[in-house]
Each structure stands twice: as C-alpha cells, then as structure tokens.
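User: I am new to this kind of material and would like to learn how to read it. Could you guide me through the features one at a time?

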Amino acid sequence: MARSRNPPASTAADLGRPLKRAFFARSVHEVAPELIGATLLVDGVGGVIVEVEAYHHTDPAAHSFRGPTKRNLVMFGPPGFAYVYRSYGIHWCANFVCEKEGSASAVLIRALEPTHGFAAMRRRRGLQDERALCSGPGKLTEALGITAAHNGLALDAPPIALLARTKKPEIIAGVRIGITKAVELPWRYGLKGSRFLSKGF
C-alpha cells in the first residue's frame, strides 16, 4: 500500500508576521476574506486557512442576533479572541471575534490545508488522508485539538498562533453552508482551486 504523502512543513521564514488583535478590530466583512491564506496553529499543529464564513450581529444566522447568552458571551467582548461552541452537540466550531466590543460579529473557520503536525492530526482524526483532515469546521477543530477550553483565548498568544499570509491569494465567494436563515448572503470565502475546501463553491 502506498504511503500517504507528507508535504514539507513550512519553515519560520515561509510564514508571515503574527496577526495581532488589532487586525480583528474591523468589519467582519473585511477580516473574513483577508484570513484566506493565513496560517492557524494550535500548539504548533494546523495549517493554511482556505475557507471561512462571516457572521454579523445583524445577521439572523449569527448566534449573537438575539443578544448575549452564556454561550455566546465571548462574541460581545473585544475583538481578537476565539469563540468556540459545540455544534449540534457533536463537534466544536472555532470562530474569531471581530469589530469593536459589543458588536458581536465573528468569522467561522471552515477549512484548513494541513501543513504542521501531521502525526497529531492523523492520530486525533483516526485517518491518513491529508485532504480529509481539516476539510470542515468540526474536522479542523478535532485535528487541532480545539475544545471548549479554547473559548475566550486570545488569538495572538499561546497556545494559538495566527500568521498573516505572505501573498494575496485568489479568493472566491458564495453562500454559507448549513444554515436556514439569511441563506442568500454571499458571506462564505474560499481559496480558489483548493482541494481542502469543505465543499465546492
């Protein structure tokens, strides 16, 4: 049986500058597409963000639409923090809080291209196929070991590292997935041609 290919891990020189919390203190619609091509690592494990979705507080599909709750409180805090919640009682989803405090807007991270920590990701996911490791919001949190313990953590401090993209990618946009409200809004962004997307555009 042929072995699964392991792409060479990027060196520090290949990675961009660390993104600070100020990066997120802008419109969620500016931040979301700019995250495509950035690198997300948790304890050194992760990869390049290839798909995200934007959620604004005025959006009926956003958790914050009806106001603060114990679950979504992090969304109402300052920008640059992780909002992690369990979806359908099954898997965790990782979001990055954006805009000024009280805005309660965030970007859902939907898919990564794995680049760092393949052994850990494969062990956590129980599979070898690199394309399937992080091709969905629940898959990537399992691969990176993201749980409720990461909810409310700063995006610019360990164990999380978020590094800016080093070149501008070709980005495509479309409607979001798995929601029943505001389904017509084209607030899903992805890396054109990536084979690591959760679903094609």
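**Strands, pockets and a proline**

Analyst: Let us begin with strand pairing in this predicted model. Six bridges are reported in the form "6 bridges", and they join strand 3 to strand 4 in the antiparallel sense.

User: Which residue in strand 4 stands opposite S87?

Analyst: The residue facing S87 is H91 of strand 4. The two strands, strand 3 and strand 4, make a hairpin with 3 residues between them. In that turn, Y88 has a positive phi of about 55 degrees.

User: How should side chains along a strand be pictured, and is strand 3 largely enclosed or exposed?

Analyst: In a regular strand, side chains alternate between the two faces of the sheet. As for strand 3, 5 of its 6 residues are buried, so the strand is largely enclosed by the rest of the structure. A residue counts as buried when its relative accessible area is under 20%.

User: What is the volume of the largest pocket, and which residues are closest to its centre?

Analyst: The largest pocket holds about 600 Å³ of space. Its lining comprises 26 residues, and those closest to the centre are A61, H63, Y85, G178 and I179.

User: Which strands each supply at least two residues of that lining, and how does the lining divide by class?

Analyst: Strand 2 (45–55), strand 3 (82–87), strand 4 (91–98) and strand 5 (105–116) each contribute at least two residues to the lining of the largest pocket. The hairpin strands discussed above, strand 3 and strand 4, are therefore among these contributors. By class, the lining has 15 nonpolar, 6 polar and 5 charged residues.

User: What can be said of the second largest pocket?

Analyst: The second largest pocket has a volume of about 330 Å³. It is lined by 16 residues, of which G37, V48, R165, T166 and K167 are the closest to its centre. Strand 5 gives the largest share of this lining, 3 residues. The classes here are 5 nonpolar, 7 polar and 4 charged.

User: Finally, where is P18 found, and is P18 buried or partly exposed?

Analyst: P18 is found in the segment before helix 1 (28–34). Exposure is read from the relative accessible area, which for P18 is 47%; the residue is therefore partly exposed, as this class lies between 20% and 50%.

User: Which residues does P18 touch beyond those up to four places away in sequence?

Analyst: P18 touches L162 and L163. In addition, the C-alpha atoms of P18 and A157 are separated by 9.7 Å, although the two residues are 139 residues apart along the chain.

Key:
Residues are numbered from 1 along each chain as its sequence is written. This is a predicted model: local features need pLDDT of at least 70, side-chain atom pairs count only at pLDDT 80 or more; totals for chains, interfaces and linings use all residues. Side-chain values use heavy atoms; hydrogens and water are left out. On a 1 Å grid over the protein atoms alone, a cavity is a set of points where a 1.4 Å probe fits but cannot get out, and a pocket is an open set with protein on both sides within 12 Å along at least five of seven lines; lining residues have an atom within 4 Å of a point. Grid points are joined across faces, edges and corners, and a volume is the space filled by probe spheres set on the points. Helices (H or I, at least four residues) and strands (E, at least two) are DSSP runs, numbered from the N terminus. Ala, Val, Leu, Ile, Met, Phe, Trp, Tyr, Cys and Pro count as nonpolar, Asp, Glu, Lys and Arg as charged, and the others, Gly among them, as polar. Buried means under 20% relative accessible area, exposed over 50%, partly exposed in between (1.4 Å probe, protein chains only). Two strands pair if DSSP finds at least two bridges between them. Contact means heavy atoms within 4.5 Å.
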